[in-house]
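Student: I should like to understand how the terms applied to a protein model are justified. May we go through some of them together?

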Amino acid sequence: MRGGREVVSFVLGHGEDPAAGLAARGWEPLGSSVEGVLPSIVLTFRVEAVTSRVPAPPGGPGLSEADRARVEPRQRVAAYAVVVDDDRLLLTRLAPLTGAQGRWTLPGGGLDDGESPREAVVREVHEETGQDVDDVRFVDVMTQHWVGRSERGAEDYHAVRLLHTARCTRPTRPVVHDVGGSTSEAAWVPLGRLSGYDLVPTVSYALRATGVVPRR
């Protein structure tokens, strides 16, 4: 948008990165700020389910010819938050059902029907860590497109992750309320000790995008 006026609108294709979609239409953001506002373009999102099938991809790790004939496209929109308090970062540890057991990531998760990304951040942070947050601000979009085999079978997976910052004014000892879900543990981790944790790649990207620099 420019001056409150919409300048471009398009449906995010399966596997498409929002920045690439903007660039293809002649709009290239000049950069982003910690406040989550692009200096020249403000991105707003309207998420709707897409029921039409996309053509099966030509290949992917671990896929046989039979697999490729029945690959299921799957798109997941989720919201995550970088929450920092007194040089500590709020992290969650992935449970076995995620396929990345033991790795640490940011609190967050998929949007419920009719839920805004900010509402999802507040809900997910509380469910996964027991912390109450406010001042939720959008920062960036992280996307990942992957074709291969998972615990669900052969799939063409497109992850759209909406990155935010959030404030926790009354931090407490983290407690996982969503027992049996994707989170097995939560913790406030000193920024200077992050190198000792097995972090998913998106955490490093998120820290750069939000201007959080771990102490050495």
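**Reasoning from values to terms**

Student: How do you know that the length of helix α3 agrees with its number of residues?

Tutor: This is a predicted model. Helix α3 covers residues 117-129, which makes 13 residues. The expected span is 1.5 Å times one less than the number of residues. The helix should therefore span 18 Å, and its end C-alpha atoms are 18 Å apart, so the two values agree.

Student: Which residues of α3 are buried?

Tutor: They are Ala 120, Val 121, Arg 123, Glu 124, Val 125, Glu 128 and Thr 129. Ala 120 and Val 121 also belong to a second, separate core of 12 residues, which includes Val 83 and Val 136 as well. After α3 comes Gly 130, with a positive phi near 80°.

Student: Why is Asp 86 called exposed?

Tutor: Exposed means over 50% relative accessible area. Asp 86 has 66% relative accessibility, so it counts as exposed. Asp 86 is located in the loop between β1 and β2, and its phi is positive, about 50°, although it is not a glycine.

Student: What makes Asp 135 partly exposed?

Tutor: Buried means under 20% and exposed over 50%, with partly exposed in between. Asp 135 has 33% relative accessibility and therefore counts as partly exposed. Asp 135 is part of strand β5, and its phi, near 50°, is positive in a residue other than glycine.

Student: Which element supplies the largest share of the largest nonpolar core?

Tutor: That element is α4, with 4 residues. The core has 22 residues, and Leu 91 is one of those that touch the most other members.

Methods. Residues numbered from 1 in each chain as written. Predicted model: local features only at pLDDT ≥ 70, side-chain atom pairs only at ≥ 80, totals over all residues. Heavy atoms only, no water. Core = buried A, V, L, I, M, F, W, Y, C linked by side-chain atoms within 4.5 Å. Buried < 20%, exposed > 50% of the residue type's maximum accessible area, 1.4 Å probe, protein only. Helix = DSSP H or I, 4+ residues; strand = E, 2+ residues; numbered from the N terminus.
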